[in-house]
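Hi,

Here is the structure I promised to pass on. Have a look at it first, and my notes follow right below.

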Amino acid sequence: MPRDLVRRAARRLRRVVAGTPPVPAPLPVLGYVVAGGDGAHPASAHVRVVRRTEHLAASGTAEVRQVDPVAFVDGTDTTSYAAVLVQRDILPRDAVQPFLAAAAARGVRVVGEVDDDFFTESGRQRLARAEYDPDRLASIDALVRGADTVVVSTPELAEVVRPVARDVTVVPNALDPGLWTAGATEDDDDRPGAEHRVLYMGTLTHAADLELLRDVFTDLTTTDGTPIRLEVIGVTDEGGADWFRRVEVPDGHYPAFSRWLVAHRERWRAGVAPLRDEEFNRAKSDLKFLEYTALGLPAVVSDRPSYAVARAHGAVAVPDDVGSWRGAVRAAVERGTADERAVRWVTGERTIGRDDDAWRRVLLG
């Protein structure tokens, strides 16, 4: 009898153990080092790093946290990171090598991220005009040379980076649908009289590109004589000129800026993205086309490698000819809405979440 009791108890225990769900393996921890904190970051950090990693966390792919580089190096941060993503010049020049050494000692992969040509002489000269000092450029160079892999946004930039990096992977820019989904619009109280507006937005590295549009927008009208006015956000420190108007955007970081644009999208009839034929610009991404399309605007862009793929999906790419630009802008304004092909492509292929496999492989192997 006792033996029967033991056997029955053993069978019950096996059934209980068999029915116990397995304990899930802990998620890999992905760290990132970017400027800012608590959601307040530069636009490039949001686009290339923060929004991407937050999506990986939300999808259950990884645990994600921002890394304090000082704590990482001195050992105060003991987290077992699978990889740490470091964005371009966030580490001071003299901190790059200690960070790389600490990562190597702990067996942590370092993924560098760059989204501009920081390496050719012409690229460095242009960035210097946008207030990139030599120490910032040296920091980026050291990171790219020492990282296990470097992620870039375009094939053209990959060709620039490849001679100095161990490994390079291209992951094109994509938009966060949480920021760029159309919602209710707001009225513009400062709307002037009868005119059509065209948007150009960008960083100070594009100040020279703005000059390409001077003769394009001077006295430009639609076929019925309605004036077409260029409005600029960012791009230049100039307060405005007789041929363009500067638009001041309420203070706020990239998420607030994006939502403000979406809310005011009916202010404009088209968007433009000029690029001079310069070595630095050949490595630029098509982010402006994505953003204009998300705003529902037709995009007129320079016929450069940056927009070669976008051209096949609704971007109007024009040569460096004033007459061609004027005609293309006029036609875009008169159309007033983004090409349906562009909307389908941006929504279906250039939105965060659609390219998770590529991003996951880069960061987590």
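Glycine 336 comes right after α14, and its phi is positive, near 80 degrees. Keep in mind while reading that this is a predicted model.

The helix before that glycine, α14, runs over residues 322-335. With 14 residues, α14 reaches 20 Å from its first C-alpha to its last, close to the 20 Å expected at 1.5 Å a residue. Its buried residues are Trp325, Ala328, Val329, Ala332 and Val333. They sit on the same side of α14, because the arc they cover around the axis is only 130 degrees. As for what covers them, the list includes the strands β7 (196-202), β8 (228-234), β11 (270-273), β12 (299-302) and β13 (316-318), along with α10 (214-217). At the start of α14, the backbone nitrogen of glycine 323 has a side-chain oxygen of aspartate 321 within 3.2 Å.

Next, α6, which covers residues 134-146. This helix has 13 residues and spans 18 Å from first C-alpha to last, close to the 18 Å expected at 1.5 Å a residue. The buried residues in α6 are Leu137, Ala138, Ser139, Ile140, Asp141, Ala142, Leu143, Val144 and Gly146. Their cover includes the strands β3 (81-87), β4 (109-113) and β5 (149-152), and the helices α4 (96-106), α5 (121-129) and α7 (155-161).

On to the charged pairs. How many salt bridges does a search of the whole structure find? The search gives 26, and three of the pairs are worth walking through.

Arginine 136 pairs with aspartate 89, with 2.6 Å between the closest N and O atoms. This salt bridge links distant parts of the chain, since arginine 136 is in helix α6 and aspartate 89 is in the loop between β3 and α4, 47 residues apart. Arginine 136 is partly exposed at 28% relative accessible area, whereas aspartate 89 is buried at 18%.

Aspartate 148 forms a salt bridge with arginine 166, and here the closest N and O atoms are 3.6 Å apart. Aspartate 148 is in the loop between α6 and β5 and arginine 166 in the loop between α7 and β6 (168-170), so this pair ties together parts that are 18 residues apart in sequence. Aspartate 148 counts as partly exposed, at 34% relative accessibility, while arginine 166 is exposed, with a relative accessible area of 57%.

The third pair is arginine 245 with glutamate 231, the closest N and O atoms being 2.7 Å apart. Arginine 245 belongs to strand β10 (residues 244-246) and glutamate 231 to strand β8, so parts that are 14 residues apart in sequence are tied together. Arginine 245 is partly exposed at 23% relative accessibility, and glutamate 231 is buried at 0%. Both belong to one network, in which salt bridges that share partners join Glu195, Arg197, Glu231, Arg245 and Arg267.

Last, a couple of backbone angles to check. Most residues other than glycine have a negative phi. Arginine 88 has a positive phi, near 25 degrees. Its place is the loop between β3 and α4, and arginine 88 is buried, with a relative accessible area of 13%. Aspartate 219 also has a positive phi, near 60 degrees. That residue lies in the loop between α10 and β8. Is aspartate 219 buried or exposed? It is exposed, with a relative accessible area of 69%.

Cheers

Key
Residues numbered from 1 in each chain as written. Predicted model: local features only at pLDDT ≥ 70, side-chain atom pairs only at ≥ 80, totals over all residues. Heavy atoms only, no water. Helix = DSSP H or I, 4+ residues; strand = E, 2+ residues; numbered from the N terminus. Expected span 1.5 Å × (residues − 1). Buried < 20%, exposed > 50% of the residue type's maximum accessible area, 1.4 Å probe, protein only. Contact = heavy atoms within 4.5 Å. Arc of directions from axis to C-beta. Polar contact = N/O pair within 3.5 Å; in protein donor to acceptor, adjacent residues only side chain to side chain. Salt bridge = Lys/Arg side-chain N within 4 Å of Asp/Glu carboxyl O.
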